[in-house]
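Q: Could you take me through one helix pairing in this model, step by step? I would like to know how the two helices cross and which residues meet.

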Number of protein chains: 2
Amino acid sequence: MTTKERILLRSLELFNEKGERHITTNHVAADLSISPGNLYYHYRSKQAIIYEIFTHYERLVDHYLQLPDRALSVQDEFDYLDSVFDGLWSYRFLHRDLYHYLDADPRLKTEYGQFTGRCLDRLEEIISCLEHSGILTFDPRPGAAHTTSAATLKRTLALNVWLVVTNWMSFLVSSIEVEGGTLSIRHMKSGIHQALAIQEPYVTEAYAEEVARLAADYPNYSSVGAGTSKMVSRKAQASF
Amino acid sequence: MTTKERILLRSLELFNEKGERHITTNHVAADLSISPGNLYYHYRSKQAIIYEIFTHYERLVDHYLQLPDRALSVQDEFDYLDSVFDGLWSYRFLHRDLYHYLDADPRLKTEYGQFTGRCLDRLEEIISCLEHSGILTFDPRPGAAHTTSAATLKRTLALNVWLVVTNWMSFLVSSIEVEGGTLSIRHMKSGIHQALAIQEPYVTEAYAEEVARLAADYPNYSSVGAGTSKMVSRKAQASF
DNA sequence: TGGATATTAGAGTATATACTCTAGGGCCAG
DNA sequence: CTGGCCCTAGAGTATATACTCTAATATCCA
């Protein structure tokens with residue numbers, strides 16, 4: 001592995017572990033037992049390192065969201081969610097300070113905006129494929145409210161899934177008291193249930209059971225961490 | 001207004017406008033035409049200022065989410081969403097660096113975790129009230145998939161609404177190219193549609209129309225900003 | 001081999017910024 | 001008055017940190 005690659009990789013690891021704000025370029029250099037000058041020979045700024053990490057992240061997620069050349073199964077949907085959560089986890093520092101990075105680098109802001117757009121398009125296509133496979137349906141059903149067109153519905157659904165998935169970790173951080181104080185990929189994956197819940201009303205009866213069965217393999221939010229005490233122990237104590 | 005109050009208020013304004021990272025305590029002091037020493041006489045650290053802003057924010061949102069002593073109307077639901085978005089907007093700098101603030105201040109982390117828990121409880125109660133009013137229903141419907149209990153459904157729904165609402169702004173920042181480059185409360189409010197969309201499948205037929213009518217008053221995401229070109233111009237070109 | 005090019009070292013710097021310290025002014029109770 | 005106390009000024013500091021500069025060393029190719 002070249003020095004340049006080592007710098008990138010180790011930066012990512014340290015940023016994820018300790019937070020980018022706390023890791024100086026000198027830290028990274030020291031950790032790799034190279035000199036600051038050396039680091040700056042390969043990357044002209046800390047910003048440049050972060051930018052390159054972003055491009056890796058985007059490439060990874062683009063890759064994950066590719067559509068196969070066949071109909072989609074329920075398992076496929078789980079694989080999508082699973083791998084996207086993996087990606088988010090591997091680059092988790094990015095989402096902790098996203099606003100700041102976009103604010104500091106106009107080029108990044110533009111490209112990241114395009115990336116978001118691409119992801120939403122893909123998500124919408126995936127949803128359409130699942131509809132085509134008979135797993136989801138957006139046809140108005142008897143007794144159900146249907147004031148929105150199916151197309152709008154799918155676009156909105158895609159966006160909401162994206163919002164939940166990409167912000168699941170920040171929610172965990174702000175609500176959970178994890179044992180040991182550190183989040184793990186296991187906690188992260190509990191977000192799959194949240195994402196599924198959004199589409200649940202659109203799952204056809206024929207596939208409902210399979211979805212539920214596959215979902216059971218993933219850790220549940222309330223089981224995985226302490227949470228707020230009320231979140232865990234509460235049992236349908238709703239006021240009515 | 002006392003000097004202490006002026007410091008807090010102006011800090012909030014500057015943090016929101018320019019970003020907390022870019023506003024030093026010296027900036028705040030200079031802006032108020034007071035000395036740094038004076039500022040530190042009232043607040044022993046920048047952290048302390050931020051902490052106090054947090055408590056104001058939490059008090060405000062707690063206030064917004066109070067349950068009235070009567071049945072809830074559709075209008076009430078819109079009022080909830082509307083005012084929470086107002087709150088998020090007024091304290092928007094908090095959500096830009098949330099992770100960092102919680103990381104830097106354990107006391108804040110604990111209290112914010114409790115705050116999140118409270119909000120989710122309130123949201124769940126509101127949802128239950130709306131169900132009681134006949135606006136929402138979680139009864140299994142013919143032809144619909146129903147593998148989850150109504151109680152779990154409501155809790156999950158509350159959390160998803162919370163996720164979408166609290167992260168709507170960060171999505172806007174990362175996707176929209178706003179005219180003039182600055183986000184406004186108007187952009188923010190377009191998130192109401194997103195939040196509503198999550199509960200849409202549970203709206204009873206009797207109230208669907210009223211919900212749609214009231215929603216029409218709020219700006220739509222695609223109309224309010226340029227967005228990614230594809231987001232705007234695309235017209236149901238889904239692949240099937 | 002020898003010269004050019006790529007890489008590395010590491011001390012050093014410029015700047016930002018949160019915060020301190022001392023001194024003094026205004027105000028009010030006694 | 002006057003002594004004490006809340007408030008304010010403002011110069012100053014300690015520290016962090018992104019980045020530079022020069023010189024030395026490795027590597028590669030003719």
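A: Let's begin with the crossing of H9(A) and H11(A), which is right-handed (clockwise: the near helix is turned clockwise from the far one by less than a right angle; anticlockwise would be left-handed). This is a predicted model, in which local features need pLDDT of at least 70, side-chain atom pairs count only at pLDDT 80 or more, and totals for chains, interfaces and linings use all residues. Residues are numbered from 1 along each chain as its sequence is written, while chains are lettered from A and ligands numbered from 1 in the order in which they are written.

H9 covers residues 150-175 of chain A and H11 covers residues 191-199 of chain A. Helices here are DSSP runs (H or I, at least four residues), numbered from the N terminus. The two axes come within 9 Å and cross at roughly 165°; axes are lines fitted to C-alpha atoms over the stretch in contact, with angles from 0 to 180 degrees between N-to-C directions. H9(A) is therefore roughly antiparallel to H11(A) (the term applies to angles over 145 degrees).

Now for the residues that meet. H9(A) brings Leu157(A), Asn160(A), Val161(A), Val164(A), Val165(A) and Trp168(A), and H11(A) brings Gly191(A), Gln194(A), Ala195(A), Ile198(A) and Gln199(A). Contact means that the C-beta atoms, placed from the backbone, lie within 7 Å. By class, seven of these residues are nonpolar, four are polar and none is charged (Ala, Val, Leu, Ile, Met, Phe, Trp, Tyr, Cys and Pro count as nonpolar, Asp, Glu, Lys and Arg as charged, and the others, Gly among them, as polar).

For another pairing, turn to chain B: the axes of H1(B) (residues 3-18) and H2(B) (residues 25-32) come within 10 Å and cross at roughly 115°. H1(B) and H2(B) are therefore roughly perpendicular to each other (65 to 115 degrees), and H1(B) passes H2(B) in a right-handed crossing.

Methods: Helices (H or I, at least four residues) and strands (E, at least two) are DSSP runs, numbered from the N terminus. Angles under 35 degrees count as roughly parallel, over 145 as roughly antiparallel, 65 to 115 as roughly perpendicular and the rest as oblique. Two residues are in contact if their C-beta atoms, placed from the backbone, lie within 7 Å.
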